[in-house]
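Please work through the exercises below with the sequence and the 3D structure open beside you, and try each task before reading its solution.

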Amino acid sequence: MASHRKPRTSVLTSPGGRRTAAGLTSAALASVTLLSQSADAAPRAPRPTIEEVKQKVDGLYRQAEVATQKYNAAKERADHQRTTVDGLLDAAAERAQKMNDTRRELGTFASAQYRTGGMNPTAQLMLAKDPQQFFDRSHLMERLTSRQQQAVSDYEEQAAAAARQRAEAGRSLERLQASQASLKASKQSVQQKLAEARQLLSRLTVQEKARLAELERQKEAAAKRKAEEEARRQQERQRQQDGGGTAGGDTGGSTGGGGTTGGTQSTKAEKALAFARAQIGKPYVWGATGPSSYDCSGLTQAAWKAAGVDLPRTTWDQVKVGQRVATSNLQPGDLVFFFDDISHVGMYIGGGKMIHAPHPGADVREESIYYMPIYGSVRPG
(Lines give C-alpha, C1' and ligand atoms only; values in the text may rest on other atoms or scores of the structure.)
Protein backbone atom coordinates (compact mmCIF):
# COMPACT_ATOMS: atom_id res chain seq x y z
CA MET A 1 0.00 0.00 0.00
CA ALA A 2 1.41 3.30 -0.99
CA SER A 3 2.24 5.78 1.73
CA HIS A 4 0.36 9.11 1.72
CA ARG A 5 2.96 10.88 3.96
CA LYS A 6 4.71 13.84 2.27
CA PRO A 7 8.44 13.55 1.84
CA ARG A 8 10.54 15.49 4.42
CA THR A 9 12.36 17.17 1.58
CA SER A 10 9.16 18.85 0.51
CA VAL A 11 8.91 20.70 3.80
CA LEU A 12 12.50 21.87 3.73
CA THR A 13 12.42 22.92 0.11
CA SER A 14 8.93 24.39 0.09
CA PRO A 15 8.59 28.12 0.72
CA GLY A 16 7.27 28.96 4.19
CA GLY A 17 7.84 30.33 7.63
CA ARG A 18 10.14 27.58 8.90
CA ARG A 19 12.71 28.21 6.24
CA THR A 20 12.51 31.96 6.67
CA ALA A 21 12.95 31.68 10.44
CA ALA A 22 15.95 29.49 9.98
CA GLY A 23 17.51 32.05 7.64
CA LEU A 24 16.91 34.91 10.08
CA THR A 25 18.38 32.94 12.94
CA SER A 26 21.54 32.31 10.96
CA ALA A 27 21.79 35.97 9.99
CA ALA A 28 21.35 37.07 13.61
CA LEU A 29 24.06 34.71 14.80
CA ALA A 30 26.37 36.03 12.12
CA SER A 31 25.65 39.64 13.19
CA VAL A 32 26.37 38.85 16.83
CA THR A 33 29.62 37.24 15.83
CA LEU A 34 30.64 40.24 13.74
CA LEU A 35 29.74 42.68 16.53
CA SER A 36 31.71 40.62 19.00
CA GLN A 37 34.70 40.61 16.66
CA SER A 38 34.36 44.40 16.14
CA ALA A 39 34.29 44.97 19.89
CA ASP A 40 37.39 42.84 20.31
CA ALA A 41 39.10 44.71 17.45
CA ALA A 42 38.43 48.16 19.00
CA PRO A 43 38.85 47.85 22.78
CA ARG A 44 37.97 50.75 25.08
CA ALA A 45 40.75 53.30 25.60
CA PRO A 46 42.75 52.61 28.76
CA ARG A 47 42.10 54.76 31.79
CA PRO A 48 44.71 57.54 32.03
CA THR A 49 47.30 57.25 34.77
CA ILE A 50 47.21 59.68 37.67
CA GLU A 51 50.42 61.24 36.32
CA GLU A 52 48.69 61.87 33.00
CA VAL A 53 45.68 63.36 34.78
CA LYS A 54 47.94 65.68 36.78
CA GLN A 55 49.75 66.78 33.63
CA LYS A 56 46.45 67.43 31.91
CA VAL A 57 44.99 69.38 34.85
CA ASP A 58 48.17 71.44 35.24
CA GLY A 59 48.04 72.22 31.54
CA LEU A 60 44.41 73.30 31.75
CA TYR A 61 45.17 75.57 34.72
CA ARG A 62 47.99 77.15 32.76
CA GLN A 63 45.75 77.65 29.72
CA ALA A 64 43.17 79.19 32.02
CA GLU A 65 45.80 81.62 33.35
CA VAL A 66 46.70 82.66 29.80
CA ALA A 67 43.01 83.22 29.09
CA THR A 68 42.73 85.12 32.39
CA GLN A 69 45.49 87.52 31.33
CA LYS A 70 43.67 88.03 28.02
CA TYR A 71 40.51 88.71 30.02
CA ASN A 72 42.35 91.20 32.24
CA ALA A 73 43.79 92.99 29.20
CA ALA A 74 40.39 93.15 27.48
CA LYS A 75 38.74 94.42 30.66
CA GLU A 76 41.37 97.13 31.02
CA ARG A 77 40.82 98.20 27.41
CA ALA A 78 37.05 98.16 27.88
CA ASP A 79 37.28 100.26 31.04
CA HIS A 80 39.57 102.75 29.31
CA GLN A 81 37.31 102.99 26.27
CA ARG A 82 34.23 103.38 28.46
CA THR A 83 35.91 106.31 30.24
CA THR A 84 36.85 107.84 26.88
CA VAL A 85 33.32 107.47 25.52
CA ASP A 86 31.83 108.98 28.67
CA GLY A 87 34.22 111.93 28.43
CA LEU A 88 33.40 112.52 24.78
CA LEU A 89 29.68 112.37 25.47
CA ASP A 90 30.04 114.87 28.31
CA ALA A 91 32.07 117.19 26.07
CA ALA A 92 29.49 116.84 23.30
CA ALA A 93 26.71 117.78 25.73
CA GLU A 94 28.67 120.84 26.87
CA ARG A 95 29.32 121.78 23.24
CA ALA A 96 25.61 121.46 22.45
CA GLN A 97 24.79 123.82 25.32
CA LYS A 98 27.25 126.40 23.96
CA MET A 99 25.71 126.03 20.52
CA ASN A 100 22.26 126.66 21.98
CA ASP A 101 23.52 129.79 23.75
CA THR A 102 25.05 131.07 20.53
CA ARG A 103 21.91 130.24 18.59
CA ARG A 104 19.84 132.29 21.05
CA GLU A 105 22.25 135.20 20.68
CA LEU A 106 21.95 135.00 16.91
CA GLY A 107 18.16 135.02 17.28
CA THR A 108 18.38 138.22 19.35
CA PHE A 109 20.51 139.86 16.68
CA ALA A 110 18.07 138.78 13.97
CA SER A 111 15.14 140.28 15.87
CA ALA A 112 16.98 143.57 16.40
CA GLN A 113 17.92 143.73 12.74
CA TYR A 114 14.32 143.06 11.74
CA ARG A 115 13.07 145.90 13.93
CA THR A 116 15.58 148.46 12.61
CA GLY A 117 16.53 147.02 9.25
CA GLY A 118 14.13 149.23 7.18
CA MET A 119 15.51 152.55 8.47
CA ASN A 120 18.24 154.15 6.36
CA PRO A 121 20.93 156.47 7.83
CA THR A 122 19.18 159.65 6.54
CA ALA A 123 15.91 158.76 8.29
CA GLN A 124 17.82 157.88 11.46
CA LEU A 125 19.54 161.31 11.34
CA MET A 126 16.22 163.08 10.84
CA LEU A 127 14.59 161.21 13.74
CA ALA A 128 17.48 161.71 16.10
CA LYS A 129 17.04 164.46 18.69
CA ASP A 130 20.56 165.70 18.08
CA PRO A 131 23.65 164.77 16.02
CA GLN A 132 25.36 163.23 19.06
CA GLN A 133 22.47 160.77 19.48
CA PHE A 134 22.81 159.79 15.81
CA PHE A 135 26.54 159.25 16.24
CA ASP A 136 26.07 157.09 19.33
CA ARG A 137 23.40 155.00 17.61
CA SER A 138 25.56 154.51 14.49
CA HIS A 139 28.53 153.46 16.59
CA LEU A 140 26.34 150.98 18.47
CA MET A 141 25.10 149.43 15.21
CA GLU A 142 28.68 148.99 13.97
CA ARG A 143 29.56 147.21 17.20
CA LEU A 144 26.42 145.12 16.93
CA THR A 145 27.38 144.03 13.43
CA SER A 146 30.83 143.01 14.68
CA ARG A 147 29.25 140.95 17.48
CA GLN A 148 26.91 139.33 14.99
CA GLN A 149 29.81 138.30 12.81
CA GLN A 150 31.70 136.90 15.79
CA ALA A 151 28.61 135.00 16.96
CA VAL A 152 28.16 133.44 13.52
CA SER A 153 31.86 132.50 13.43
CA ASP A 154 31.64 130.97 16.93
CA TYR A 155 28.57 129.00 15.98
CA GLU A 156 30.26 127.56 12.89
CA GLU A 157 33.35 126.56 14.88
CA GLN A 158 31.24 124.94 17.57
CA ALA A 159 29.18 123.04 15.00
CA ALA A 160 32.37 121.70 13.35
CA ALA A 161 33.84 120.74 16.73
CA ALA A 162 30.60 118.99 17.69
CA ALA A 163 30.70 116.98 14.45
CA ARG A 164 34.30 115.94 15.18
CA GLN A 165 33.37 114.92 18.73
CA ARG A 166 30.42 112.87 17.50
CA ALA A 167 32.67 111.07 15.02
CA GLU A 168 35.32 110.38 17.68
CA ALA A 169 32.65 109.16 20.09
CA GLY A 170 31.39 106.79 17.40
CA ARG A 171 34.89 105.38 16.82
CA SER A 172 35.48 105.02 20.55
CA LEU A 173 32.15 103.25 20.91
CA GLU A 174 33.18 100.78 18.19
CA ARG A 175 36.46 100.12 20.02
CA LEU A 176 34.52 99.63 23.25
CA GLN A 177 32.26 97.08 21.58
CA ALA A 178 35.32 95.23 20.19
CA SER A 179 36.90 95.17 23.67
CA GLN A 180 33.68 93.87 25.17
CA ALA A 181 33.52 91.09 22.56
CA SER A 182 37.12 90.13 23.37
CA LEU A 183 36.26 90.24 27.07
CA LYS A 184 33.37 87.84 26.55
CA ALA A 185 35.48 85.41 24.50
CA SER A 186 38.28 85.38 27.10
CA LYS A 187 35.78 84.80 29.89
CA GLN A 188 34.25 81.84 28.06
CA SER A 189 37.71 80.39 27.44
CA VAL A 190 38.63 80.60 31.14
CA GLN A 191 35.38 78.98 32.19
CA GLN A 192 35.79 76.19 29.63
CA LYS A 193 39.33 75.32 30.76
CA LEU A 194 38.37 75.33 34.43
CA ALA A 195 35.29 73.19 33.74
CA GLU A 196 37.47 70.63 31.94
CA ALA A 197 39.88 70.53 34.89
CA ARG A 198 37.04 70.07 37.38
CA GLN A 199 35.56 67.28 35.27
CA LEU A 200 38.88 65.41 35.16
CA LEU A 201 39.33 65.70 38.92
CA SER A 202 35.74 64.64 39.63
CA ARG A 203 36.32 61.30 37.89
CA LEU A 204 39.16 60.30 40.22
CA THR A 205 38.62 57.65 42.84
CA VAL A 206 39.53 58.23 46.47
CA GLN A 207 42.78 56.33 45.98
CA GLU A 208 43.62 58.33 42.86
CA LYS A 209 42.97 61.62 44.63
CA ALA A 210 45.30 60.53 47.41
CA ARG A 211 47.95 59.64 44.84
CA LEU A 212 47.48 63.02 43.14
CA ALA A 213 47.94 64.79 46.47
CA GLU A 214 51.12 62.78 47.07
CA LEU A 215 52.52 63.78 43.67
CA GLU A 216 51.77 67.40 44.50
CA ARG A 217 53.60 67.09 47.84
CA GLN A 218 56.59 65.55 46.11
CA LYS A 219 56.74 68.41 43.61
CA GLU A 220 56.47 70.99 46.38
CA ALA A 221 59.16 69.24 48.42
CA ALA A 222 61.57 69.17 45.45
CA ALA A 223 60.98 72.88 44.81
CA LYS A 224 61.48 73.65 48.50
CA ARG A 225 64.80 71.77 48.58
CA LYS A 226 66.02 73.73 45.57
CA ALA A 227 64.99 77.00 47.22
CA GLU A 228 66.83 76.05 50.42
CA GLU A 229 69.96 75.14 48.46
CA GLU A 230 69.82 78.48 46.64
CA ALA A 231 69.31 80.31 49.93
CA ARG A 232 72.42 78.64 51.41
CA ARG A 233 74.48 79.63 48.38
CA GLN A 234 73.26 83.20 48.66
CA GLN A 235 74.09 83.32 52.36
CA GLU A 236 77.55 82.03 51.62
CA ARG A 237 78.07 84.71 48.98
CA GLN A 238 76.86 87.32 51.46
CA ARG A 239 79.32 86.12 54.11
CA GLN A 240 82.14 86.30 51.59
CA GLN A 241 81.15 89.83 50.68
CA ASP A 242 80.88 90.88 54.33
CA GLY A 243 84.29 89.34 54.99
CA GLY A 244 85.89 91.05 52.01
CA GLY A 245 86.08 87.91 49.88
CA THR A 246 85.07 87.98 46.23
CA ALA A 247 85.34 84.39 45.09
CA GLY A 248 82.01 83.15 43.90
CA GLY A 249 80.31 86.33 45.06
CA ASP A 250 78.11 88.81 43.27
CA THR A 251 79.97 92.11 43.31
CA GLY A 252 77.19 94.11 41.77
CA GLY A 253 74.31 94.44 44.21
CA SER A 254 72.75 92.54 47.06
CA THR A 255 71.75 88.90 46.95
CA GLY A 256 68.42 87.17 46.87
CA GLY A 257 68.78 85.91 50.42
CA GLY A 258 66.94 88.87 51.88
CA GLY A 259 69.40 91.72 51.46
CA THR A 260 67.83 95.12 50.87
CA THR A 261 68.85 98.32 49.21
CA GLY A 262 68.79 101.56 51.11
CA GLY A 263 66.32 104.38 50.96
CA THR A 264 63.01 104.68 49.23
CA GLN A 265 63.12 101.43 47.23
CA SER A 266 63.57 99.33 50.38
CA THR A 267 60.69 101.11 52.13
CA LYS A 268 58.36 100.60 49.18
CA ALA A 269 59.28 96.91 48.91
CA GLU A 270 58.62 96.41 52.63
CA LYS A 271 55.17 97.99 52.29
CA ALA A 272 54.36 95.85 49.26
CA LEU A 273 55.47 92.70 51.08
CA ALA A 274 53.49 93.58 54.19
CA PHE A 275 50.37 93.93 52.06
CA ALA A 276 51.02 90.63 50.25
CA ARG A 277 51.54 88.76 53.53
CA ALA A 278 48.23 90.11 54.84
CA GLN A 279 46.46 88.46 51.86
CA ILE A 280 47.73 84.94 52.60
CA GLY A 281 44.80 82.55 52.90
CA LYS A 282 42.50 84.49 50.58
CA PRO A 283 41.23 82.51 47.56
CA TYR A 284 42.43 82.71 44.00
CA VAL A 285 39.66 83.99 41.73
CA TRP A 286 40.46 84.69 38.10
CA GLY A 287 40.06 88.34 37.17
CA ALA A 288 39.99 89.44 40.83
CA THR A 289 41.99 92.37 42.21
CA GLY A 290 40.88 92.22 45.86
CA PRO A 291 40.18 92.90 48.54
CA SER A 292 38.67 89.46 49.29
CA SER A 293 40.24 87.47 46.41
CA TYR A 294 42.94 87.81 43.76
CA ASP A 295 44.43 86.33 40.65
CA CYS A 296 48.23 86.32 40.34
CA SER A 297 48.74 89.70 38.68
CA GLY A 298 45.87 91.23 40.64
CA LEU A 299 47.75 90.42 43.86
CA THR A 300 51.08 91.91 42.75
CA GLN A 301 49.33 95.00 41.37
CA ALA A 302 47.43 95.56 44.64
CA ALA A 303 50.54 94.95 46.78
CA TRP A 304 52.68 97.50 44.96
CA LYS A 305 49.80 99.96 44.82
CA ALA A 306 49.77 99.84 48.62
CA ALA A 307 53.41 100.97 48.40
CA GLY A 308 52.50 103.88 46.11
CA VAL A 309 53.59 102.24 42.85
CA ASP A 310 51.10 101.76 40.03
CA LEU A 311 51.63 98.56 38.04
CA PRO A 312 49.77 97.53 34.88
CA ARG A 313 47.06 94.89 35.17
CA THR A 314 48.51 91.94 33.25
CA THR A 315 51.65 89.85 33.68
CA TRP A 316 52.56 90.70 30.09
CA ASP A 317 52.69 94.40 30.97
CA GLN A 318 54.07 94.07 34.50
CA VAL A 319 57.17 92.29 33.18
CA LYS A 320 58.00 95.43 31.17
CA VAL A 321 57.97 97.74 34.22
CA GLY A 322 61.01 98.40 36.38
CA GLN A 323 64.53 97.01 36.32
CA ARG A 324 65.26 93.50 35.08
CA VAL A 325 67.19 91.43 37.62
CA ALA A 326 68.84 88.01 37.58
CA THR A 327 67.44 85.23 39.76
CA SER A 328 70.67 85.22 41.78
CA ASN A 329 70.20 88.93 42.55
CA LEU A 330 66.56 88.82 43.64
CA GLN A 331 65.52 91.02 46.54
CA PRO A 332 62.31 90.94 48.61
CA GLY A 333 59.53 92.68 46.71
CA ASP A 334 60.82 91.76 43.25
CA LEU A 335 58.36 90.19 40.83
CA VAL A 336 59.15 86.74 39.45
CA PHE A 337 57.47 85.64 36.21
CA PHE A 338 56.95 82.08 35.06
CA PHE A 339 56.59 80.03 31.86
CA ASP A 340 57.58 81.08 28.36
CA ASP A 341 54.20 82.73 27.86
CA ILE A 342 54.67 84.84 31.05
CA SER A 343 51.27 83.72 32.32
CA HIS A 344 52.05 83.73 36.07
CA VAL A 345 53.74 86.05 38.57
CA GLY A 346 54.65 86.00 42.25
CA MET A 347 56.34 88.37 44.72
CA TYR A 348 59.75 87.34 46.03
CA ILE A 349 60.13 87.29 49.82
CA GLY A 350 63.69 85.93 50.14
CA GLY A 351 65.14 82.49 50.73
CA GLY A 352 64.05 81.26 47.32
CA LYS A 353 60.36 81.73 48.17
CA MET A 354 57.52 83.94 47.01
CA ILE A 355 53.94 84.91 47.85
CA HIS A 356 51.52 84.28 44.99
CA ALA A 357 47.95 83.42 44.07
CA PRO A 358 48.51 79.96 42.49
CA HIS A 359 45.39 78.83 40.62
CA PRO A 360 41.65 78.19 41.10
CA GLY A 361 40.96 76.07 44.14
CA ALA A 362 44.07 77.31 45.96
CA ASP A 363 44.61 80.21 48.36
CA VAL A 364 47.27 82.92 48.35
CA ARG A 365 50.32 81.29 49.93
CA GLU A 366 54.08 81.14 50.24
CA GLU A 367 55.85 78.77 47.86
CA SER A 368 59.23 78.11 46.29
CA ILE A 369 59.97 80.11 43.16
CA TYR A 370 61.30 76.86 41.70
CA TYR A 371 57.87 75.24 41.71
CA MET A 372 57.43 76.51 38.13
CA PRO A 373 59.91 77.31 35.33
CA ILE A 374 61.13 80.90 35.79
CA TYR A 375 60.90 83.28 32.84
CA GLY A 376 62.53 86.32 34.44
CA SER A 377 62.24 88.93 37.18
CA VAL A 378 61.83 92.69 37.54
CA ARG A 379 62.21 95.19 40.36
CA PRO A 380 59.36 97.74 40.43
CA GLY A 381 59.68 101.17 41.95
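The exercises that follow concern a predicted model, and each task is paired with a worked solution.

**Exercise 1. Overall make-up**

Task: Establish how many helices and strands the protein has, and what share of its residues count as buried.

Solution: Begin with the secondary structure, which comes to nine helices and six strands. Turn next to burial, where 34% of the 381 residues count as buried. Then consider the surface, since the protein exposes about 23000 Å², and carbon and sulfur atoms supply 55% of that area. Finally, look at the contacts between residues at least 6 apart in sequence, of which 67% join residues at least 24 apart.

**Exercise 2. Strand β3 and its partners**

Task: Determine which strands are joined to β3 by bridges, and in which direction they run.

Solution: Locate β3 at residues 344-350, where seven of its seven residues are buried. On one pairing, four bridges join β3 to β2 (residues 335-338), and these two strands run antiparallel; within this pairing, F338 has H344 as its bridge partner. The two strands form a hairpin with five residues between them, and F339 in the turn has a positive phi of about 70 degrees. On the other pairing, three bridges join β3 to β4 (residues 353-356), again in an antiparallel arrangement, with M354 in β4 as the bridge partner of Y348. Two residues lie between the strands of this hairpin, in which G351 takes a positive phi near 65 degrees.

**Exercise 3. The surroundings of T300**

Task: Decide whether T300 is buried or exposed, and find what its side chain reaches.

Solution: Place T300 first in helix α8, which spans residues 296-306. Its relative accessibility is 1%, and because the cut-off for buried is under 20%, T300 counts as buried. The side chain of T300 reaches the backbone oxygen of S297 at 3.1 Å. Leaving out residues up to four places away in sequence, T300 touches L311, Q318, L335, V345, G346 and M347.

**Exercise 4. The nonpolar cores**

Task: Identify which residues have the most contacts inside the largest nonpolar core, and which element gives its largest share.

Solution: The largest nonpolar core has 43 residues, and those with the most contacts inside it are W304, L335, F337 and M347. Two or more residues come from each of α3, α5, α6, α7, α8, β2 and β3, and the largest share, nine residues, comes from α3 (50-116). Apart from this core lies another, of 13 residues, among them A223, A227, L330 and F338. As background, nonpolar side chains in soluble globular proteins tend to be buried together.

How values were computed:
Residues numbered from 1 in each chain as written. Predicted model: local features only at pLDDT ≥ 70, side-chain atom pairs only at ≥ 80, totals over all residues. Heavy atoms only, no water. Buried < 20%, exposed > 50% of the residue type's maximum accessible area, 1.4 Å probe, protein only. Pairing = 2+ DSSP bridges. Polar contact = N/O pair within 3.5 Å; in protein donor to acceptor, adjacent residues only side chain to side chain. Contact = heavy atoms within 4.5 Å. Areas by Shrake-Rupley, 256 points an atom, 1.4 Å probe, with all protein chains shown as cover. Core = buried A, V, L, I, M, F, W, Y, C linked by side-chain atoms within 4.5 Å.
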